[in-house]
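Student: Could you walk me through how to read a few features of a protein model?
Tutor: Happily. Let's have it in front of us and take the features one by one.

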Amino acid sequence: VQLQASGGGLVQAGGDLRLSCVASRSILSINDMGWYRQAPGKQRELVATITSGGSTNYADSVKGRFTISRDNAKNTVYLQMNSLKPEDTAVYYCRVKVRGVIVWGQGTLVTVSS
C-alpha cells in the first residue's frame with residue numbers, strides 16, 4: 001500500500017486545517033491507521049490513531065482540538081485540526097500497519113504562525 005498525504009499549509013494560531021491521507025488500495029481491513037508528526041529538532045510523535053472499528057486515541061497535547069476519522073469508501077483517513085497553536089508546527093505523516101508492516105506517507109508540512 002502507498003499513502004499520499006495532503007492538506008498542510010500555513011495558518012495563523014487559532015485557525016483550522018484538515019489533512020487527508022489517501023491509500024492506494026482499500027483500507028477496509030486495515031485496523032491500525034494514524035497520524036504522526038515531527039517538529040524541527042524533535043522525534044516523531046504520535047498524534048492520533050483510529051482502528052477499523054472506529055476507536056480513536058489521541059496525544060494529550062491535541063485532545064479536544066484534533067479529530068481523526070476514516071472514510072473506507074474513499075480509502076482515506078483524515079485529521080481535522082482546530083484551534084491550532086504554534087507548537088503544532090511540524091511535518092505530519094500518515095501511517096498504516098498492514099500484516100505487521102508499517103508504511104509511512106510522504107508527510108505534509110503544517111506551519112502555525114503566532
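Student: Which residue of β3 stands opposite L3?
Tutor: L3 faces A23 in β3. A little further along, A5 stands opposite C21, also in β3. Keep in mind throughout that we are reading a predicted model.

Student: In which sense do β1 and β3 pair, and over how many bridges?
Tutor: The pairing of β1 with β3 (residues 17-23) is antiparallel, and four bridges make it up.

Student: Which residues of β1 lie on its covered face, and which on the uncovered one?
Tutor: L3 and A5 form the covered face of β1, while Q4 and S6 form the uncovered face. The two residues you have just matched with partners in β3, L3 and A5, are thus on the covered face.

Student: What is the strand order of the sheet?
Tutor: Reading across, you go β1-β3-β8-β7, an open sheet of four strands with antiparallel pairing. β1 (3-6) and β7 (66-71) are the edge strands; each has a single partner strand, so one side of each lacks a neighbour in the sheet. On average, neighbouring strands here are turned by 15° against each other, if direction is ignored.

Student: Let's turn to charges. How should I think about salt bridges, and what is the count here?
Tutor: The general idea is that side chains of opposite charge can pair when their charged atoms come close. In this model the count comes to five salt bridges. One of them joins the side chains of D32 and R95, at 2.9 Å from N to O. That pair links distant parts of the chain, as D32 belongs to strand β4 (residues 32-38) and R95 to strand β9 (residues 90-98), 63 residues apart.

Student: Are D32 and R95 buried or exposed?
Tutor: They fall into separate classes. D32 is partly exposed because its relative accessible area is 24%, and R95 counts as buried at 11%. The cut-off for buried is under 20%.

Student: Which residue does R37 meet in a salt bridge?
Tutor: R37 meets E45, with 2.7 Å from N to O. R37 is buried, with a relative accessible area of 5%, whereas E45 is partly exposed at 37%.

Student: And where do R65 and D88 lie?
Tutor: R65 is in the loop between β6 (56-58) and β7, and D88 is in the loop between β8 (76-81) and β9, so their pairing ties together parts 23 residues apart in sequence. Their side chains form a salt bridge of 2.7 Å, N to O. R65 counts as buried at 11% relative accessibility, as does D88 at 1%. Salt bridges that share partners bring R37, E45, R65 and D88 together in one network.

Student: One last feature: how do I look for pockets, and what lines the largest pocket?
Tutor: In general, rolling a probe the size of a water molecule over the atoms shows where empty space is left. The largest pocket here holds about 170 Å³ of space. Its lining has 13 residues, with R37, E45, S61, E87 and D88 nearest the centre. You have met some of these names already: R37, E45 and D88 are in the salt-bridge network.

Student: How do the lining residues divide by character?
Tutor: Two are nonpolar, four polar and seven charged.

Key
Residues are numbered from 1 along each chain as its sequence is written. This is a predicted model: local features need pLDDT of at least 70, side-chain atom pairs count only at pLDDT 80 or more; totals for chains, interfaces and linings use all residues. Side-chain values use heavy atoms; hydrogens and water are left out. On a 1 Å grid over the protein atoms alone, a cavity is a set of points where a 1.4 Å probe fits but cannot get out, and a pocket is an open set with protein on both sides within 12 Å along at least five of seven lines; lining residues have an atom within 4 Å of a point. Grid points are joined across faces, edges and corners, and a volume is the space filled by probe spheres set on the points. Ala, Val, Leu, Ile, Met, Phe, Trp, Tyr, Cys and Pro count as nonpolar, Asp, Glu, Lys and Arg as charged, and the others, Gly among them, as polar. Two strands pair if DSSP finds at least two bridges between them. Axes are lines fitted to C-alpha atoms, for helices over the stretch in contact, and angles run from 0 to 180 degrees between N-to-C directions. A salt bridge is a side-chain nitrogen of Lys or Arg within 4 Å of a carboxyl oxygen of Asp or Glu. Buried means under 20% relative accessible area, exposed over 50%, partly exposed in between (1.4 Å probe, protein chains only).
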